[in-house]
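Me: Hi! Could you walk me through this one with me? I'd like to go from the overall picture down to single residues.

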Amino acid sequence: MMKWNFSELLKYKQAPMEFNEELDLLGMSQELFGDVILNLEPVQVNGWAQMERDDVILHAHVTGELTTPSTRSARPVKFPLDFMIDEVYIRDTEHADRYEIEESVILIEDDVINFSEVLVQYIFLQIPLQVLADGEEQEAMPTGDGWEVISEDDYLIEQAKGEETATNTPLAGLADLMADEHEK
């Protein structure tokens, strides 16, 4: 568990506190994101933290592997992790003006930096919106009774052709009524 009291980090003003740890975050990741993170191998985290003008600057490189469900079939898909984290932890909100907008500036509550929790959140953010299992890209899209999933490309082709789709909703007739009103 990577958790530090802010007061502990005060001694790292001249030289950074370096870390290189392997963390098992499976329990925490499944508690927070169990529907998306099916499995998480222990992650390797190396980096440093240093005090700078009463704030903590933290840099870390994270590598590992997680398993997430395919967005098409829900089959498990292994996904490699390899990303960087750069954050600034402040105790005083007035210090936020010291940093650029694009920097991740976090106000410390209770004088504790729980970096393990931050890691789980960053790991979750690494998962792409579309994850496909091997071979799924070539497989036909799912279909059912009266419905089908089409690709975005197929959708755009249909729209370009100007094909009208039939609507079976009780409000479909209102569209014609509104068109009549605009013509008057």
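Me: For contacts in the protein with a separation of 6 or more, what share comes from residues 24 or more positions apart?
Reply: That share is 62%. One thing to keep in mind is that this is a predicted model.

Me: OK, and how many helices and strands does the protein have?
Reply: There are five helices and 10 strands.

Me: What percentage of the residues count as buried?
Reply: Of the 184 residues, 29% count as buried. The accessible surface comes to about 12500 Å², and carbon and sulfur atoms contribute 48% of that.

Me: Let's look at the strands. Which way do the side chains of β4 point?
Reply: They alternate along residues 43-52. Val43, Val45, Gly47, Ala49 and Met51 face one way and are buried, whereas Gln44, Asn46, Trp48, Gln50 and Glu52 face the other way and are not.

Me: Nice. And β2 and β4, do they run parallel or antiparallel?
Reply: Antiparallel, with seven bridges joining β2 (residues 17-23) to β4. Within that pairing, Glu22 sits opposite Gln44. Gln44 belongs to the β4 face that is not buried.

Me: How many bridges join β4 to β5?
Reply: Nine, and those two strands also run antiparallel. Here Met51 is opposite Val56 of β5. Met51 is on the buried face of β4.

Me: What sits between β4 and β5?
Reply: Two residues, and the two strands form a hairpin. Arg53 is in the turn and has a positive phi of about 50°.

Me: Switching topic: how many salt bridges turn up in the whole structure?
Reply: A search finds four. I can take you through some of them, including the one between Asp55 and Arg98.

Me: Sure. How far apart are the closest N and O atoms in the Asp55 and Arg98 pair?
Reply: They are 3.0 Å apart. Asp55 is in strand β5 (residues 55-69) and Arg98 is in the loop between β6 (76-90) and β7 (104-107), so this salt bridge ties together parts that are 43 residues apart in sequence.

Me: Is Asp55 buried or exposed?
Reply: Buried, because its relative accessible area is 0%. Its partner Arg98 counts as partly exposed, at 34%.

Me: Which residue does Arg75 meet in a salt bridge?
Reply: Glu136, with 3.1 Å from N to O. Arg75 is in the loop between β5 and β6, while Glu136 is in the loop between α3 (115-125) and β9 (143-144), and the two are 61 residues apart. As for cover, Glu136 is buried at 0% relative accessibility, and Arg75 is partly exposed at 35%.

Me: What about Arg91, which residue does that one pair with?
Reply: Asp111, in a salt bridge of 3.2 Å from N to O. Arg91 is in the loop between β6 and β7 and Asp111 in the loop between β7 and β8 (112-114), so the pair connects parts 20 residues apart in sequence. Both ends are partly exposed, with 41% for Arg91 and 27% for Asp111.

Me: Last topic, the surface. Which residues form the nonpolar patch with about 270 Å² of accessible area?
Reply: Ile150, Tyr155 and Leu156, and that area is for the three together.

Me: Where is Ile150 found?
Reply: In the loop between β10 (147-148) and α4 (152-161).

Me: Why does Ile150 count as partly exposed?
Reply: Because its relative accessibility is 31%, and partly exposed covers the range between the 20% and 50% cut-offs.

Key:
Residues are numbered from 1 along each chain as its sequence is written. This is a predicted model: local features need pLDDT of at least 70, side-chain atom pairs count only at pLDDT 80 or more; totals for chains, interfaces and linings use all residues. Side-chain values use heavy atoms; hydrogens and water are left out. Patches are made of residues with over 30% relative accessible area and no salt bridge: like charges are joined within 9 Å, nonpolar side chains (Val, Leu, Ile, Met, Phe, Trp, Tyr) within 5 Å. Accessible areas come from the Shrake-Rupley method with a 1.4 Å probe; for residues, only the protein chains shown count as cover. A salt bridge is a side-chain nitrogen of Lys or Arg within 4 Å of a carboxyl oxygen of Asp or Glu. Helices (H or I, at least four residues) and strands (E, at least two) are DSSP runs, numbered from the N terminus. Buried means under 20% relative accessible area, exposed over 50%, partly exposed in between (1.4 Å probe, protein chains only). Contact means heavy atoms within 4.5 Å. Two strands pair if DSSP finds at least two bridges between them.
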